[in-house]
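Have a look at this protein chain, with its sequence alongside. Let's walk through it together, one piece at a time.

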Amino acid sequence: MQLYYEDIKEGSNLLSKSWGPLTNMDMIRFGSAVDSYGEIHQDYDWCVQHGFDNVLLSGPFKQALLCSWLDEVVGDIGYIKKIEISHRGINYVDETLQATGTFTKKYILDGNGFVECDIAITNNNGLVSCPGKATLLIPMKNMDSIDFNFEPPVTYQEFITKEISTEYTDTNNIYITKEIIEMIGAMGESYTWPEPLDISAIRRFTQGVFETKSRYVDIEFAKNSSIGSLIAPPAYVIRPPYGFWDKGMLGESAIPVFTVPNTTVAVNGGNESEWYKVVKEGDTLTQQARIVDIYEKKGKMRSLIPVVSETIIVNQCNEVVALSKQINIRMP
């Protein structure tokens with residue numbers, strides 16, 4: 001059943017969605033879809049040896065689940081425009097996760113109906129591990145399709161030439177040195193995905209996140225659509241495959257590899273992603289990322305060093321299809 005803009009009431013709830021109990025095989029399937037094979041998300045013995053209770057569910061996996069759920073909410077015609085989530089707690093294999101949300105604001109802009117909502121993932125023990133926000137593009141009743149084609153706030157050339165000024169001022173920081181501050185603005189390598197997007201890659205990802213939407217999984221439906229081919233789920237676009245961990249991958253951002261002295265732990269703090277064009281079968285994507293901020297935050301028990309990076313993703317026509325900002329937190 002298609003959800004329409006006119007039928008949404010601010011303050012009403014989104015239909016909830018549950019997954020689980022999630023298994024180790026679910027994490028292996030997702031890791032295979034995005035070429036991510038870290039022990040922390042697949043190897044039980046390694047996780048226990050490092051002080052965890054079980055295999056950890058990855059942050060990108062939970063974000064992809066939220067996107068899959070929101071794809072159901074918006075229906076066959078609607079789209080996810082933007083999502084922002086924080087990772088506030090650890091989720092393990094064998095947990096059941098539930099996505100919930102509330103519509104908070106609706107407005108019309110340039111003839112399109114936008115709806116903002118608060119969203120969250122909660123486990124079966126009541127832990128709210130992933131609070132966040134999303135902006136959805138919902139059709140109005142006079143629409144039978146939506147042209148998902150938006151002007152990004154920055155071009156690729158503007159992104160790679162933008163200068164970020166930095167100054168080392170706080171000498172009381174324990175972990176942030178002048179050399180670390182000078183990493184702000186550092187740009188990673190431009191990296192083009194080695195193969196055009198194909199049906200098998202889309203299929204592996206949709207299977208990895210329980211995605212069933214016709215425009216991602218039904219070839220005949222996609223051929224008869226206004227786009228004319230299968231398109232990639234939004235979470236796939238900002239979580240690129242093809243071995244990025246070997247090229248300095250940090251969350252969704254292939255930033256330059258560097259270390260913060262005397263820190264031993266790195267966790268995913270969350271990310272913000274916005275999409276501007278659909279990515280369809282046959283497209284070739286290029287991404288570029290850089291560090292935009294590093295700072296030290298004093299916690300009750302330890303210092304936190306958030307490393308903030310941003311990524312731009314363009315297609316073979318040099319059109320910006322997505323922008324993403326990632327927070328990776330280093331800890332002693």
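Let's start with a pair of facing residues: N268 sits opposite N328, which belongs to strand 13. Before going on, keep in mind that this is a predicted model. The chain has an average pLDDT of 88, and 94% of its residues score at least 70. Residues 241-253 are a stretch to treat with care, since pLDDT there is below 50. Even so, that stretch makes 54 contacts in the model beyond its near neighbours in sequence.

Back to strand 13, which covers residues 320-331. Which strands does it pair with? Strand 9 (residues 265-275) runs antiparallel to strand 13, and 10 bridges join the two. Strand 12 (residues 303-314) is also antiparallel to strand 13, again with 10 bridges. In that pairing, E310 has K325 of strand 13 as its bridge partner. Strands 12 and 13 make a hairpin, with five residues between them. Look in the turn for N318, which has a positive phi of about 65°. So how much of strand 13 is buried? The answer is 10 of its 12 residues, leaving the strand mostly covered.

Now move to helix 1, residues 24-34. Its buried residues are D26, M27, F30, G31, A33 and V34. Why do they lie on the same side of helix 1? Because they cover an arc of only 160° around the axis. The spacing makes sense once you know that an α-helix has 3.6 residues a turn, so residues three or four places apart point the same way. And what covers these buried residues? Among the elements doing so are helix 3 (59-74), helix 6 (199-208) and helix 9 (234-237). Just past the end of helix 1, D35 has a positive phi of about 55°.

Finally, let's look for empty space. The second largest pocket holds about 320 Å³. It has 15 lining residues, and those nearest its centre are L3, L14, L15, V73 and F103. Helix 3, which you met as a cover for helix 1, gives the most to this pocket's lining, with three residues.

There are also two cavities of 30 Å³ or more. About 130 Å³ of space lies in the largest cavity. Of the 15 residues that line this cavity, Y79, Y216, A232, P234 and V278 are nearest its centre. Strand 2 (79-86), helix 7 (214-217) and helix 9 each supply at least two residues of the lining. You have seen helix 9 before, too: it helps cover the buried residues of helix 1.

How values were computed:
Residues numbered from 1 in each chain as written. Predicted model: local features only at pLDDT ≥ 70, side-chain atom pairs only at ≥ 80, totals over all residues. Heavy atoms only, no water. pLDDT = per-residue confidence, 0-100. Contact = heavy atoms within 4.5 Å. Buried < 20%, exposed > 50% of the residue type's maximum accessible area, 1.4 Å probe, protein only. Helix = DSSP H or I, 4+ residues; strand = E, 2+ residues; numbered from the N terminus. Pairing = 2+ DSSP bridges. Arc of directions from axis to C-beta. 1 Å grid on protein atoms, 1.4 Å probe; cavity = no way out; pocket = protein on both sides within 12 Å on 5 of 7 lines; lining within 4 Å. Points joined across faces, edges and corners; volume = space filled by probe spheres on them.
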